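Student: I'm new to this one, and I'd like to know where the labels people use come from. Can we go through them together?

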Amino acid sequence: MIQDIDIADLKRITELIHSKYGYDFRNYAMSSFKRRMLRILEVKNLSIESLLKKLSESPVFINEFLDELTVNVTEMFRDPGFWRVIRDEIIPGILLNHKTFNIWHAGCSSGEEVISMAILLREMGIHNDVSLYATDLDTTILEKAKMASYPAKNMELNEKNYIRFEGKWTLKDYCKEENGKVTFDKGLLANVTFRKHDLVIGDVFNKFDLILCRNVMIYFNQTLQNEVLKKFHASLFKYGYLAIGSKESLIWCDVANRFLVVSNEEKVYKKIKD
Amino acid sequence: MSQFNLNSSYKAVVIGGSAGSFQGITKILSQLPKTFPLPIIMCLHRLKHVRNGFVEALSIKSVFPVVEPNDKEQIKKGGIYLAPSNYHMSVELGNYFAMSTEEMINNSRPAIDITLGTAAFVYREKLIGILLSGANRDGGMGMKHIKDKGGLTIVQEPSECMIDTMPKAAINLTKIDHVLKVDDIVSLINELDKYYR
């Protein structure tokens with residue numbers, strides 16, 4: 001097992017991927033990126049040289065590589081207090097002005113957050129009035145998200161979160177268990193558009209009333225975070241909301257003064273200036 | 001005067017702990033010298049889904065307030081930092097923190113190995129690592145990284161630990177510089193402070 005990778009080698013990998021495939025990991029946060037690389041080398045049993053060779057010679061490998069590289073650890077109703085704020089403050093705020101609206105889950109991973117939102121909207125009785133867009137750069141994980149099927153062993157934690165969210169029923173009412181897997185009611189995903197989108201190189205593709213991008217930008221350095229936050233600002237309607245992870249912040253970024261803090265504890269911001 | 005052979009080249013102190021470490025950590029924080037110049041970076045195992053309460057409980061005992069930093073927050077001299085619940089906390093080149101939600105390591109998030117290992121990479125021989133009582137092996141590898149980079153390593157005397165698995169894991173992985181009771185760790189920190197006057 002390789003214990004460490006030089007910064008120079010990490011650079012060789014990111015430069016190759018950028019020139020050959022267009023993905024730009026050059027501004028990813030160093031230490032987590034390095035851990036992902038070490039993990040890929042271990043899981044695929046490769047040396048740095050053989051990884052570079054594989055990346056340059058085998059274009060099909062890149063999807064496998066991206067799937068391993070991106071962190072896909074997530075849970076339903078992560079931070080239940082956040083979801084209560086969305087239900088009790090944010091969505092009622094949007095509904096004051098619009099009967100129908102758009103939500104973007106940027107970096108949706110395996111879709112747990114999308115399902116959580118769909119359940120929340122259904123319990124508010126407005127599921128049919130909302131269009132959800134769920135994007136990720138990892139196509140493998142997007143296919144998984146579309147299946148809405150998860151290991152049954154994850155459900156204990158999800159169910160605990162849901163209880164603390166103070167949902168109306170139980171998560172069991174929304175899914176069926178079979179062979180160690182739970183599959184959620186496909187109707188929940190009826191208004192969801194899944195599409196491949198890379199926050200780093202992707203364009204602004206729509207306008208939204210609410211954007212959720214929680215614990216995605218932590219994998220970027222501040223330069224890149226700043227660029228992505230500009231894209232979110234441009235993708236929001238005026239008075240739309242941006243939700244980020246509980247340990248993320250936008251007070252330091254270029255567009256900070258165009259947002260108002262709505263919930264400091266749950267990190268929800270409102271766009272107040274174009 | 002010194003029994004520890006210290007100097008003023010250190011840039012940071014990292015502390016790891018798990019089951020049975022709360023008492024030790026509060027003792028250290030409550031007896032910090034008023035002028036202590038180094039950042040103290042703590043990674044303690046904690047309930048994953050309880051975000052509030054822990055940092056407040058530590059702050060009450062501490063000479064200086066303890067904060068759970070945000071992602072990409074600069075590490076300041078004299079700051080006391082605690083890894084937030086359900087995130088791994090890394091130290092990055094450029095002297096700031098980065099959070100991540102990667103897979104658990106040693107069944108833990110935050111994992112002590114990550115905080116200690118990344119701090120060792122950034123501060124190299126200018127780091128002091130302290131590992132306290134704990135019921136799993138997390139932190140052992142991190143202490144080895146600190147030692148391998150030339151930093152100073154200290155573990156709590158196993159006989160004083162409520163559960164000694166964690167310090168023993170470190171002792172088995174590397175040659176620890178000092179095996180000390182918490183009171184002696186407090187003395188070491190106070191002696192260290194004098195080198196910065």
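Tutor: Sure, here are some questions and answers about burial, cysteines, helices and a sheet, and keep in mind that this is a predicted model.

Student: Let's start with Ile103(A). Why is Ile103(A) called buried?

Tutor: Buried means under 20% relative accessible area. Ile103(A) has 0% relative accessibility, so it counts as buried. You'll find Ile103(A) in strand E1 of chain A, residues 101-106.

Student: What is Ile103(A) in contact with, leaving aside its neighbours within four places in sequence?

Tutor: Its contacts there include Met117(A), Leu121(A), Val130(A), Tyr133(A) and Phe208(A).

Student: Now the cysteines. How do you know that Cys213(A) isn't in a disulfide?

Tutor: A disulfide needs two cysteine sulfur atoms within 2.5 Å. For Cys213(A), the closest cysteine sulfur belongs to Cys108(A) and is 11 Å away, so that's too far for a bond. Cys213(A) is also buried, because its relative accessible area is 0%.

Student: And what rules out a bond for Cys161(B)?

Tutor: Same kind of check: the closest cysteine sulfur is in Cys43(B), 17 Å off, and therefore too far for a bond. Over all chains, the structure holds 0 disulfides.

Student: Which word fits Cys161(B), buried or exposed?

Tutor: Buried, because its relative accessibility is 10% and the cut-off is under 20%.

Student: On to helices. What makes H5(A) oblique to H8(A)?

Tutor: The axes of helix H5 (residues 80-95) and helix H8 (residues 155-165) of chain A come within 8 Å and cross at roughly 45°. Roughly parallel would need an angle under 35 degrees, and roughly perpendicular takes 65 to 115. The crossing angle fits neither, so H5(A) is oblique to H8(A). The contact involves Pro80(A), Trp83(A), Arg84(A) and Arg87(A) from H5(A), with Asn161(A), Arg164(A) and Phe165(A) from H8(A). The crossing is right-handed.

Student: Last topic: the sheet in chain B. Why are E3 and E9 of chain B called edge strands?

Tutor: The open sheet has 7 strands in the order E3-E4-E2-E1-E7-E8-E9, with parallel pairing. Strand E3 (66-67) and strand E9 (178-180) each pair on one side only, and that makes them the edge strands.

Student: How do you know that E1 and E7 of chain B count as a pair?

Tutor: Two strands pair if there are at least two bridges between them. Strand E1 (residues 12-17) and strand E7 (residues 127-131) of chain B have 5 bridges, in the parallel sense. In one of these, Val13(B) has Ile128(B) in E7(B) as its bridge partner.

Methods: Residues are numbered from 1 along each chain as its sequence is written. Chains are lettered from A and ligands numbered from 1 in the order in which they are written. This is a predicted model: local features need pLDDT of at least 70, side-chain atom pairs count only at pLDDT 80 or more; totals for chains, interfaces and linings use all residues. Side-chain values use heavy atoms; hydrogens and water are left out. Helices (H or I, at least four residues) and strands (E, at least two) are DSSP runs, numbered from the N terminus. Buried means under 20% relative accessible area, exposed over 50%, partly exposed in between (1.4 Å probe, protein chains only). Contact means heavy atoms within 4.5 Å. Axes are lines fitted to C-alpha atoms, for helices over the stretch in contact, and angles run from 0 to 180 degrees between N-to-C directions. Angles under 35 degrees count as roughly parallel, over 145 as roughly antiparallel, 65 to 115 as roughly perpendicular and the rest as oblique. A crossing is left-handed if the near helix is turned anticlockwise from the far one by less than a right angle, and right-handed if clockwise.
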